[in-house]
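Dear colleague,

Please find below the structure that I am handing over to you. My notes on it follow.

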Amino acid sequence: MQLNERSFETLTNNYTINPSLILLILSFQRAVILWTYDPAERDARLVNKALKSKNKSLDKLKVIIEISCASSPHHLLAVRKCYCSLFECSIEEDIIVNAPPSVRKILVGLVSSFRFDGAVVDLDVADDEASKLQEAVKLKQLDQDIVMWILSMRNVFQLKATFESYHKKYGILLHEDIKDYSNDLLVSLVTIVIKCIISPERHFVEVIEAATDGWGTDEDALTRAIISRAEIDLIKVKKAYLDMHKTSLDKLVKDETSGDYGAFLMALLGQ
């Protein structure tokens with residue numbers, strides 16, 4: 001039987017079943033289903049779920065940033081094609097219809113881009129574009145076309161050089177320079193773009209930290225982080241977690257999960 005939130009309510013209303021057990025079963029089922037999808041279909045469905053959610057919060061929309069900035073251009077193209085097949089419209093169309101107006105430009109720019117996938121860097125360009133980014137930061141205008149263009153079009157290696165130039169010229173990391181002047185959703189999304197470009201593995205460590213912080217566990221976020229990186233850089237994520245916390249990611253997942261759900265995630269972690 002396929003369980004969902006409605007069947008969960010039915011079961012708990014009509015039978016004496018521990019609600020925690022049902023939630024664990026649901027988490028396990030969602031994780032297995034997510035894993036069995038082809039990666040492009042999985043990510044297309046995650047994007048659609050984010051855009052169709054009632055609450056277009058940072059936690060929902062950052063999935064789009066992750067898929068756009070922490071995967072290869074070829075994978076993003078496959079996701080876009082799959083999205084059209086599944087939902088009979090483009091990701092860009094759904095962004096325009098569903099995303100908050102302030103972040104439509106950055107999201108459309110990121111998902112429609114096909115970055116060059118080579119290690120080509122022009123240090124003069126990096127220096128010039130670092131200056132342009134700083135001017136936008138000074139004016140508190142991250143929605144400028146030039147900012148959107150740089151972040152969505154430049155290859156990853158070029159962007160890393162630009163961020164490094166910014167740090168050298170202004171004595172502060174770009175994402176640190178913008179974090180205090182606004183709680184705006186656009187600023188938060190741009191921050192995630194920068195972090196995903198600089199170090200995807202450290203970004204996903206932060207996702208896992210947020211999912212397991214405090215009372216209870218955000219199983220959907222934890223599942224997404226582990227499954228989405230399982231065939232890309234999960235070893236790097238594990239190493240980054242160890243470096244940052246001096247304890248293993250395996251131990252965290254073991255402590256935060258249980259049952260078949262926990263065993264499934266541990267298997268993905270190589271345990």
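To begin with the surface, the chain exposes about 14000 Å², and carbon and sulfur atoms supply 53% of that area. Please bear in mind that this is a predicted model.

Charged side chains number 33 positive and 39 negative. The centres of these two sets lie 0 Å apart.

As to the fold, the chain contains 17 helices and 0 strands. Its radius of gyration is 20 Å, close to the 18 Å that the globule rule gives for 271 residues, so the chain is as compact as a globular protein of that length. The C-alpha trace spans about 65 × 45 × 35 Å along its principal axes.

Turning to the interior, 46% of the 271 residues are buried. Of the contacts between residues at least 6 apart in sequence, 68% join residues at least 24 apart.

One helix was examined in detail, namely α6, which comprises residues 91-98. Its buried residues are I91, E92, D94 and I95. Viewed down the axis of α6, these buried residues fall within an arc of 165°, so they line one face of the helix. The general background is that an α-helix has 3.6 residues a turn, so residues three or four places apart point the same way. Which helices are included in what covers the buried residues of α6? Among them are α3 (39-52), α5 (73-87) and α7 (101-112).

Yours sincerely

Definitions and conventions. Residues numbered from 1 in each chain as written. Predicted model: local features only at pLDDT ≥ 70, side-chain atom pairs only at ≥ 80, totals over all residues. Heavy atoms only, no water. Helix = DSSP H or I, 4+ residues; strand = E, 2+ residues; numbered from the N terminus. Rg over C-alpha atoms; globule rule 2.2 N^0.38 Å. Buried < 20%, exposed > 50% of the residue type's maximum accessible area, 1.4 Å probe, protein only. Contact = heavy atoms within 4.5 Å. Areas by Shrake-Rupley, 256 points an atom, 1.4 Å probe, with all protein chains shown as cover. Lys, Arg positive; Asp, Glu negative; His and termini not counted. Charge placed at Lys NZ, Arg CZ, Asp CG, Glu CD. Arc of directions from axis to C-beta.
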